[in-house]
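Please open the structure in the viewer and keep the sequence panel visible. The tour proceeds from the whole chain to selected elements and residue pairs.

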Amino acid sequence: MERAESGRWIPYFDPADGGMAAQVLLLLESPGPVVSRTRFVSMDNPDGTAENLRCLLHLSGLRRRDVLMWNAVPWQMSEGGVVTPRPAQYAEAAPLTRQLLSRLPRLQTVVLVGRHAERAWPLVGSPLSTLACPHPSPQNFVSRREAAAQALGTLVEARRMISVKENRAAPVSAE
């Protein structure tokens, strides 16, 4: 685990994701309770949100190596159950997110996953392109049937955005 300046532990990034080569950052709310067991923020975690996110990523055509997951409040708060971050925690965490962004040279787009990420993002103060989608929790997808389709549409758009930039950067052959 990495330690934030506050002394709180921050889960590891999933090595199956894009790491420093990521072009899309998926900004979620905060690590869920299962992270205290797995020690990773991962689409492979054994919970419904991770499963939904993994499925959405696959359907969207985004490759895991193009994506990195992070949380608006990155430290573990919910070891004993779900805990909703407060605005003061978003403000405390914003410098950590800015620090992360500075270490991702290929990053092009940030997907704000859920209302909490949308609320926290203005505190980060980044000029990066952003998209927003509903949170992929099973509860959200069951209670709001349109949420899954909206989330998928957003990830498809993120894939399109990085594809357009990759195509512009590719050299044109003279045949």
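The stops below each name a selection and then describe what is found there.

**The whole chain**

Begin with the complete model, which is predicted. Display it as a cartoon: the protein has 6 helices and 8 strands. Followed along the sequence, these elements give the pattern β-β-β-β-α-β-α-β-α-β-α-β-α-α. The protein comprises 175 residues, of which 47% count as buried. Among contacts with a separation of 6 or more, 69% are made by residues 24 or more positions apart.

**Helix α3**

Next, select residues 87–102, which form α3. This helix has 16 residues and reaches 23 Å from its first C-alpha to its last, close to the 22 Å expected at 1.5 Å a residue. Now centre the view on A93, where α3 has a kink of about 35°. The proline P95 follows shortly after that kink.

Which residues of α3 are buried? They are Q89, Y90, A93, A94, L96, T97, L100 and L101. A93, the site of the kink, is thus also one of the buried residues. To see the surroundings of these residues, add β2 (9–10), β3 (12–13), β4 (24–28), β6 and α4 (115–124) to the selection, for the buried residues of α3 pack against these elements.

**The loop before α3**

Move back along the chain to M77, in the loop between β6 (67–71) and α3. Is this residue buried or exposed? M77 counts as buried because its relative accessible area is 17%, and the cut-off for burial is under 20%. Select I10 as well: M77 and I10 are 67 residues apart in sequence, yet their C-alpha atoms are 9.9 Å apart in space.

**Strands β7 and β8**

Select residues 109–113 and 129–133, which are β7 and β8. The two strands run parallel and are joined by 5 bridges. At V113, look across to C133 in β8, which stands opposite. With α4 added to the view, β7, α4 and β8 make a right-handed β-α-β unit.

**Salt bridges**

The last part of the tour concerns charged side chains. Side chains of opposite charge can pair when their charged atoms come close. How many salt bridges does the structure hold? There are 7.

Show the side chains of R64 and D44, which form a salt bridge with their closest N and O atoms 3.0 Å apart. This pair links distant parts of the chain, 20 residues apart: R64 is in the loop between α2 (48–60) and β6, and D44 is in the loop between β5 (40–41) and α2. D44 is partly exposed, at 44% relative accessibility.

Select D66 and R63 next; their side chains meet in a salt bridge at 2.7 Å, N to O. D66 is buried, at 4% relative accessibility, whereas R63 is partly exposed, at 35%.

Finally, go to R144 and E146, which form a salt bridge with their closest N and O atoms 3.5 Å apart. R144 is partly exposed, with a relative accessible area of 31%, and E146 is partly exposed at 39% relative accessibility. To close, select D14, D17, D44 and R64 together: salt bridges that share partners join these residues into one network.

Note on methods
Residues numbered from 1 in each chain as written. Predicted model: local features only at pLDDT ≥ 70, side-chain atom pairs only at ≥ 80, totals over all residues. Heavy atoms only, no water. Helix = DSSP H or I, 4+ residues; strand = E, 2+ residues; numbered from the N terminus. Buried < 20%, exposed > 50% of the residue type's maximum accessible area, 1.4 Å probe, protein only. Expected span 1.5 Å × (residues − 1). Bend = angle between axes of the 7 residues up to and from the residue. Contact = heavy atoms within 4.5 Å. Pairing = 2+ DSSP bridges. Right-handed = clockwise from strand over helix to strand, strands pointing away. Salt bridge = Lys/Arg side-chain N within 4 Å of Asp/Glu carboxyl O.
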